[in-house]
Amino acid sequence: MPDGPARLSPDAFRSVFRGHPAGVAVVALRHQGRPVGFTATSVISVSADPPLLAFSLAASSSSWPAVERADTLTVSFLGAEQADVSARFATSGIDRFAAGGWHALATGEPVVDGASAWVRARVVQRHVAGSSWIVVVEALSHHVATDVDPLVFRDRRYHRLGSAAV
């Protein structure tokens with residue numbers, strides 16, 4: 001028996017979450033006059049009153065410096081047909097906005113066209129968590145497309161939800 005609690009290795013920990021399905025979103029904002037965005041599968045609902053959500057982002061991410069300074073941002077929840085959008089916003093070293101498929105809100109933040117929903121939010125907290133940051137945001141406005149099914153990520157692949165419900 002070990003003296004202290006055992007700790008999972010990073011690979012073992014990742015294997016746990018590979019089996020856990022997650023919705024796919026693009027977090028986007030304006031930084032120094034340019035759009036910045038990244039794919040996130042870590043978006044969670046935190047509170048309905050006040051309306052808070054959160055996501056995590058690696059401290060080493062090229063998007064972190066922009067998120068660190070952001071006052072507002074958007075979270076676009078991707079639709080089942082948008083696996084290519086998710087892959088583009090997860091790719092490093094490219095202009096993720098160059099291919100189009102987005103528009104700016106009147107307030108300036110980018111939103112992904114065709115998303116199943118989006119939320120415009122104000123950053124209220126940033127917490128360091130290991131090698132990542134947890135960012136808590138308060139929802140200010142939103143749009144829901146009732147005819148778009150969500151994109152789901154599980155075991156390194158994109159999936160659609162089936163029509164069967166339990």
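How many residues does the hairpin that joins β4 to β5 run through? The hairpin passes through 2 residues, and it makes a friendly starting point for a tour of this predicted model. From there the briefing moves to the strands, the nonpolar cores, helix α3, the salt bridges and, to finish, His143 in strand β10.

**Strand pairing around β5**

- Strand β4 covers residues 44-48 and runs antiparallel to β5, with 4 bridges joining the two.
- Within this pairing, Ser45 has Leu53 of β5 as its bridge partner.
- β5 also pairs with β10, again in the antiparallel sense, over 7 bridges.
- One place to look in that second pairing is Ser56, which stands opposite Ile134 of β10.
- As background, the strands of a sheet pair through backbone hydrogen bonds, in either a parallel or an antiparallel arrangement.

**The three-stranded sheet**

- β1, β11 and β12 form an open sheet of 3 strands in the order β1-β11-β12, with antiparallel pairing.
- The edges of this sheet are β1 (22-23) and β12; each has a single partner strand, so one side of each is left without a neighbour in the sheet.
- Between β11 and β12 there are 4 bridges, in the antiparallel sense.
- Here two arginines face one another, as Arg154 stands opposite Arg157 in β12.

**Nonpolar cores**

- The largest nonpolar core has 20 residues, and the members that touch the most others are Phe55, Val67, Leu73 and Val137.
- At least two residues of this core come from each of β2 (25-31), β3 (34-40), β5 (51-58), α2 (64-69), β6 (72-77), β9 (117-129) and β10 (132-144).
- Val137 is a handy residue to select in your viewer: setting aside residues up to four places away in sequence, Val137 touches Pro51, Leu52, Leu53, Phe55, Leu73, Ala121, Arg122, Val123 and Val124.
- There is also a second, separate core of 9 residues, with Val26, Ala28, Phe89 and Phe97 among them.

**Helix α3**

- Helix α3 spans residues 83-90, and its residues Val85, Ser86, Arg88 and Phe89 are buried.
- Why can these residues be said to line one face of the helix? Seen down the axis of α3, the buried residues fall within an arc of 165°, so they line one face.
- Asp84 and Ala90, on the other side of α3, are exposed.
- The cover over the buried residues of α3 includes β2, β3, β8 (110-112), β11 (151-154) and β12 (157-160).

**Salt bridges**

- The whole structure holds 5 salt bridges, and three of them are described here, including Glu68 with Arg69.
- In the pair Glu68 and Arg69, the closest N and O atoms are 3.7 Å apart.
- Glu68 is partly exposed because its relative accessible area is 37%, while Arg69 counts as exposed at 54% relative accessibility.
- Arg160 and Glu81 meet through their side chains in a salt bridge of 2.6 Å, N to O.
- That pair links distant parts of the chain, 79 residues apart: Arg160 belongs to strand β12, and Glu81 to the loop between β6 and α3.
- Both ends are open to the surroundings by the accessibility criterion: Arg160 is exposed with a relative accessible area of 54%, and Glu81 counts as exposed at 60%.
- Glu109 and Arg120 form another salt bridge, with their closest N and O atoms 3.0 Å apart.
- This pair too links distant parts of the chain, Glu109 in the loop between β7 (102-104) and β8 and Arg120 in strand β9, 11 residues apart.
- Are Glu109 and Arg120 buried or exposed? Both of these residues are buried.

**His143**

- His143 is found in strand β10, and His143 is partly exposed because its relative accessible area is 40%.
- Leaving aside neighbours within four places in sequence, His143 is in contact with Ala117 and Trp118.
- The salt-bridge residue Arg120 is 23 residues from His143 in sequence, and their C-alpha atoms are 9.0 Å apart in space.

Note on methods:
Residues numbered from 1 in each chain as written. Predicted model: local features only at pLDDT ≥ 70, side-chain atom pairs only at ≥ 80, totals over all residues. Heavy atoms only, no water. Core = buried A, V, L, I, M, F, W, Y, C linked by side-chain atoms within 4.5 Å. Buried < 20%, exposed > 50% of the residue type's maximum accessible area, 1.4 Å probe, protein only. Contact = heavy atoms within 4.5 Å. Arc of directions from axis to C-beta. Pairing = 2+ DSSP bridges. Salt bridge = Lys/Arg side-chain N within 4 Å of Asp/Glu carboxyl O.
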